[in-house]
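I opened the notebook today to record what I looked up in this structure, one entry at a time. The entries move from single loop residues to helices, rings and the whole chain.

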Amino acid sequence: MKIVRRDFIRDGPGSVKMVPEEADDLWLAYNLISEGDSVLAVTVRKVLREAASGGRDAERVKLKLEIKVEGIEYDKEGSVLRIRGKNILENEHVKIGAFHTLEVELHRPFLLRKEIWDSVTLDVLHQASDPTASADLAVVLMQEGLAHILLVGKSVTTTRSRVETSIPRKHGPAVAGYDKALNKFFDNVLMSFLKHVDFNVVRCAVIASPGFTKDQFHRHLMLEAERKSLRSIIENKSRIVLVHTTSGYKHSLREVLDAPNVMNMIKDTKAAQEVRALKDFFAMLSNDPARACYGPKHVEVAHERLAVQTLLITDELFRNSDIPTRQRYVNLVDSVKNSGGTTHIFSSMHVSGEQLAQLTGIAAILRFPLPDLEDIEM
């Protein structure tokens with residue numbers, strides 16, 4: 001995210017002008033913008049004009065609108081943010097109070113005004129403007145005839161490509177067509193790999209599959225790289241890692257992020273830290289359950305007793321339209337940090353964030369056991 005201008009007071013009002021430069025930036029903007037904020041951007045609106053013939057013509061006009069946010073929707077596939085609300089800027093074409101939907105897209109600047117820039121929004125803003133935190137990992141999840149190419153970014157996991165090829169069975173009369181179909185499948189995956197995986201951006205690329213499909217594709221990749229002098233692959237072959245998974249479907253991404261050889265290469269990235277923290281939480285929950293808790297009430301009581309060592313919370317909880325509820329979670333994060341604890345705000349667009357959301361979206365690893373927490377009603 002390119003930050004053009006900042007003009008705000010911490011825990012007070014102000015504005016930031018920014019330009020989203022990649023898909024992750026739109027997700028971060030989605031987490032920054034709340035109901036009650038206002039967003040100023042250039043938009044296109046249909047305007048009716050009187051024609052010379054006496055009729056009325058519709059014309060598309062570019063104009064600057066500022067709307068008070070009443071609703072916000074993130075379209076991951078289309079890489080666009082739709083912000084609904086009432087216009088609050090005097091304009092010859094759109095009355096004050098008229099409803100409009102602003103679309104915030106890549107490379108289009110917008111200005112965000114807030115009444116309160118709290119610590120969580122400032123953390124999101126810092127993360128958005130940090131150029132080192134772009135896509136960390138490219139993953140080719142495959143099985144015979146099916147491959148998904150995924151990019152794991154700082155906040156969002158996006159599917160860049162899905163490759164499907166019909167492959168005949170390896171037995172009986174169809175065996176002759178098997179090798180030919182498999183090679184065609186590998187060629188298609190290779191084309192997608194070259195198109196979507198940029199080693200200037202990602203730290204490593206993972207090829208993952210059940211059985212030997214990953215090894216066969218890796219061999220195909222290396223042979224083609226030598227044959228066609230594909231420098232990006234030849235120069236980065238040490239950054240291509242093979243991992244065993246149970247399937248080539250997207251849910252197996254969890255197994256990739258658990259693999260030690262992958263974690264070593266991305267250990268200081270946000271996605272890896274989230275995975276490690278969640279793993280530690282589940283380990284504590286099964287080995288020493290009195291030192292792990294989840295659910296807002298249990299976590300808050302544990303923190304009142306200064307027992308929270310690590311707080312795990314999803315970004316979804318900060319998008320609550322109820323301001324006091326949102327502020328309650330912001331205060332909890334600040335208070336845990338101030339008492340020497342660690343906080344991890346999980347992206348709900350990553351597999352680890354989805355797992356945490358199933359556990360109410362908030363959990364904690366405790367400094368000391370609190371066996372009586374179980375008696376407190378959730």
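**Entry 1: Glu 90**

I began with Glu 90, which I found in the loop between strand S5 (80-87) and S6. The model is a predicted one, and I kept that in mind for every value below. Buried or exposed, I asked of Glu 90? With a relative accessibility of 68%, Glu 90 counts as exposed, because the cut-off for that word is over 50%. I then looked up the distance to Leu 65, which is 25 residues away in sequence, and the C-alpha atoms of Glu 90 and Leu 65 turned out to be 8.4 Å apart in space.

**Entry 2: positive phi**

I next looked up backbone angles, bearing in mind that most residues other than glycine have a negative phi. His 107 has a phi near 65 degrees, a positive value although the residue is not glycine. I located His 107 in the loop between strand S6 (99-105) and strand S7 (110-114), and at 57% relative accessibility I noted His 107 as exposed. Leu 306 is another residue other than glycine with a positive phi, here near 55 degrees, and its place is in the loop between H9 and S14.

**Entry 3: helix H9**

Since Leu 306 comes just after H9, I turned to that helix. Which residues of helix H9 (residues 296-304) are buried? I wrote down His 298, Val 299, Glu 300, Val 301, Ala 302 and His 303 as buried. The buried residues of H9 pack against two kinds of element: the strands S13 (292-294), S14 (308-314) and S16 (362-366), and the helix H10 (323-338).

**Entry 4: H10 against H2**

I followed H10 to another partner, helix H2 (residues 119-128), and found that the axes of H2 and H10 come within 9 Å and cross at roughly 75 degrees. H2 is therefore roughly perpendicular to H10, as the range for that term runs from 65 to 115 degrees. On the H2 side the contact is made by Ser 119, Val 120, Thr 121 and Asp 123, and on the H10 side by Arg 326, Val 330, Asp 334 and Lys 337.

**Entry 5: Gly 145**

I then looked at Gly 145, which lies in the loop between strand S8 (137-143) and strand S9 (146-152). Its relative accessible area is 8%, so Gly 145 counts as buried, the limit being under 20%. What does Gly 145 touch, once residues up to four places away in sequence are not counted? I listed Val 163, Glu 164, Thr 165, Ile 167 and Phe 185. As a further distance I looked up Ala 41, which is 104 residues from Gly 145 along the chain, and the two C-alpha atoms are separated by 45 Å.

**Entry 6: rings**

I counted aromatic pairs and arrived at 8. One of them is the pair of Tyr 30 and Tyr 74, with 5.9 Å centre to centre and 25 degrees between the planes; this pair is stacked because planes under 30 degrees apart count as such. The pair links distant parts of the chain, as Tyr 30 belongs to helix H1 (residues 23-32) and Tyr 74 to strand S4 (residues 56-75), 44 residues apart. Tyr 30 is buried at a relative accessible area of 15%, and Tyr 74 is buried at 14%. Phe 193 and Phe 199 form a tilted pair, 6.4 Å centre to centre with 55 degrees between the planes, and both Phe 193 and Phe 199 are buried. I also noted that Trp 27, Tyr 30 and Tyr 74 form one aromatic cluster.

For charges over rings, I found Lys 114 over the face of Trp 117, at 5.9 Å from the ring centre, and Arg 328 over the face of Tyr 329, at 5.4 Å from the ring centre.

**Entry 7: the whole chain**

I closed with the totals. The secondary structure comes to 11 helices and 16 strands, and 50% of the 378 residues count as buried. The C-alpha atoms fill a box of roughly 75 × 70 × 35 Å along the principal axes. Of the contacts with a separation of 6 or more, 66% are between residues 24 or more positions apart.

How confident is the predictor, and what is the average pLDDT? The average is 88, and 96% of the residues score at least 70. Among the elements, helix H7 (residues 260-266) has the lowest mean pLDDT, 82, and S16 the highest, 96.

Methods. Residues are numbered from 1 along each chain as its sequence is written. This is a predicted model: local features need pLDDT of at least 70, side-chain atom pairs count only at pLDDT 80 or more; totals for chains, interfaces and linings use all residues. Side-chain values use heavy atoms; hydrogens and water are left out. Rings of Phe, Tyr and Trp (its six-membered ring) pair if their centres lie within 6.5 Å; planes under 30 degrees apart count as stacked, over 60 as edge-to-face and the rest as tilted. Helices (H or I, at least four residues) and strands (E, at least two) are DSSP runs, numbered from the N terminus. Buried means under 20% relative accessible area, exposed over 50%, partly exposed in between (1.4 Å probe, protein chains only). A charge sits over a ring if NZ of Lys or CZ of Arg is within 6 Å of the ring centre and within 35 degrees of the ring normal. Contact means heavy atoms within 4.5 Å. pLDDT is the predictor's confidence in each residue, from 0 to 100. Axes are lines fitted to C-alpha atoms, for helices over the stretch in contact, and angles run from 0 to 180 degrees between N-to-C directions. Angles under 35 degrees count as roughly parallel, over 145 as roughly antiparallel, 65 to 115 as roughly perpendicular and the rest as oblique.
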